[in-house]
Amino acid sequence: MPQSVSLPAAFEARLKAQLGTEFTPFEEALRTPPPVSIRLNPAKVDAARYLAAPLERVPWHPAGYYLPERPVFTLDPTFHAGAYYVQEASSMILHEVLTQLMPSPYPLRILDLCAAPGGKSTLLASWMPPGSLLLANEVIRSRVNVLKDNLARWGSPDAFTCSYDPEAFSGLNGFFDVVLVDAPCSGEGLFRKDPDAIQEWSEEHVQLCAARQRRILSAAVQLVAPGGLLLYSTCTYNELENDQNAQWLAETQKLTHQEVNLPTTLGVSTRHYGYQCYPHRLRGEGFYFAAFRQARGVPFRGKAARYMDKLKSKSLHKREEAALADWLAGESDFFFVQRPDDTVLGVPRPLKEDLLFLDAALPQGVWLRELGLFKGKEFIPAQDLAMSTAIAPDLPAAELDRETALLFLKKEHIVLPEAPKGWLLARHRGLNLGWMKNLGNRVNNYLPKDWRIRMDIREV
Ligand SMILES: C[S@@+](CC[C@H](N)C(=O)[O-])C[C@H]1O[C@@H](n2cnc3c(N)ncnc32)[C@H](O)[C@@H]1O
């Protein structure tokens, strides 16, 4: 935040009351550059081999690292391949919260109710026990595509996307073991990273956000299974949106507030119900979180059998299923469905019943991962498949140097005289970027238009 920008007077007065003598170091911290941090994708890269030089660790996440400066991420092909997510460090603490409060080795059903652009969803996808299901929801339609693409890049076959108002989930009461409400908020914690947030701040907006958060939380509470966890987080500091909403959850919604054991060396401040990250106490932005256990509640009761036919009617031919096996990793176990436009979608078989519940309970179901499309006998693989961790590891591929990888990501023509003909994965540092088809005299680039790098790459 530049020296010339001043904080709104009402915000400053409130933070002075909240922080006392710590207000001065807080304000000074807001005027220093925000730290840059990434979270590696352990399903795609091994830190020891991937990182060119040792980096400072984010103390509360095993795959979180601070970068010495902000690179142009767009010009790093491995960013497009889903090797890491650029995530503000404080919010990575949810990994520690989940590990302490939900130490389950068993598969879980997880809902990220306010998910775009997908930072917490990718964190959840990496954290969750094998066999779990993650549903990432974003109500604002214009924000759904970025969520879908970020999750596709992350590659988890067990993460799905949808777009509903929180109240639309009422047919799934008691279904989820973990529900995260990373609520839309007044964004006070982002003042350093995004000075525009200062212009948008007002007391009225804080009140509006607090009321909206309660509406979202009232819907979310119902969805948590008995014994399950509701996580509430914001990137703001005020009590109205934070601890007062947490108090309301504890007192009126009959949830049991959970404590998290965070060593004082981490610098996280304890509020009455939740926890607050301040930028002068740790290397991260402003972030608040509180955790609650659904003590009682009604368990979900659904009849999957009633809905089976719905998906069966769109199931694939046996010979097409057999052809698909070549494109998928040996250990993957998928069931396939075909959309009316013939796109083939794949779901890990152990999640089939849960997907059928979701499909029945939500008006338009959920978006499943695309595998490709059969055109006659030819299978045209989808971008989602290239990104998925369930793709067969031994498919024909061309390893591209950085310059050629960026040309591929710009959707330009590239020449590969040595490469075999047919479908080829474009790779950089062993990570898949997308599909090419080598016709001999030319290479067709199948990167989806929306994934194309738009910036000028000539500076590389
Ligand atoms: C703080 S952001 C979520 C950030 C995301 N969890 C991440 O880590 O990348 C809050 C999200 O809630 C969405 N949202 C806005 N109004 C909402 C509402 N009434 N119900 C649910 N979500 C809403 C916003 O569009 C936004 O994407």
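This is a tour of a predicted model, moving from its domains to a strand, a ligand shell and one lysine.

**Domains**

Start by colouring the chain by its domain assignment, which gives domain 1 (9-294), domain 2 (306-349 + 366-392) and domain 3 (396-460). Next, show domain 1 and domain 3 together; their centres, taken over C-alpha atoms, are separated by 34 Å. The contact between them takes 10 residues from domain 1 and 15 residues from domain 3.

Stay on the side of domain 1 that touches domain 3, and select helix 4 (77-80) and helix 7 (144-154). Each of these helices supplies at least two residues of that side. Helix 4 gives the largest share, three residues. Sorted by class, this side of domain 1 has four nonpolar, four polar and two charged residues.

**Strand 9 and its partners**

Now select residues 224-234, which form strand 9. Is this strand mostly covered or mostly uncovered? It is mostly covered, with nine of its 11 residues buried.

Add strand 8 (residues 176-182), which runs parallel to strand 9 and is joined to it by six bridges. To find one of the pairings, label V178 and its bridge partner in strand 9, L229. Then add strand 13 (residues 287-294), which is also joined to strand 9 by six bridges but runs antiparallel to it. Here, label L230 of strand 9 and its bridge partner in strand 13, F292.

**The ligand shell**

Select the ligand and the 16 residues around it. Which of these come nearest? They are C114, G119, K120, D182 and P184. Two helices, helix 6 (119-127) and helix 9 (203-223), each supply at least two residues of the shell. Colouring the shell by class shows nine nonpolar, two polar and five charged residues.

**K352**

Finish at helix 13 (residues 352-361), where K352 is found. Display the surroundings of K352: 17 other C-beta atoms lie within 10 Å. Why is K352 classed as partly exposed? The count of 17 is the reason, because a residue is buried at 20 or more such atoms, exposed at 12 or fewer, and partly exposed in between.

With neighbours within four places in sequence left aside, K352 is in contact with F335 and V347. Last, draw a C-alpha to C-alpha distance from K352 to F334. These two residues are 18 apart in sequence and 8.9 Å apart in space.

Notes: Residues numbered from 1 in each chain as written. Predicted model: local features only at pLDDT ≥ 70, side-chain atom pairs only at ≥ 80, totals over all residues. Helix = DSSP H or I, 4+ residues; strand = E, 2+ residues; numbered from the N terminus. Contact = placed C-beta atoms within 7 Å. Near = placed C-beta within 6 Å. Nonpolar A, V, L, I, M, F, W, Y, C, P; charged D, E, K, R; others polar. Pairing = 2+ DSSP bridges. Domains from an automatic or database assignment.
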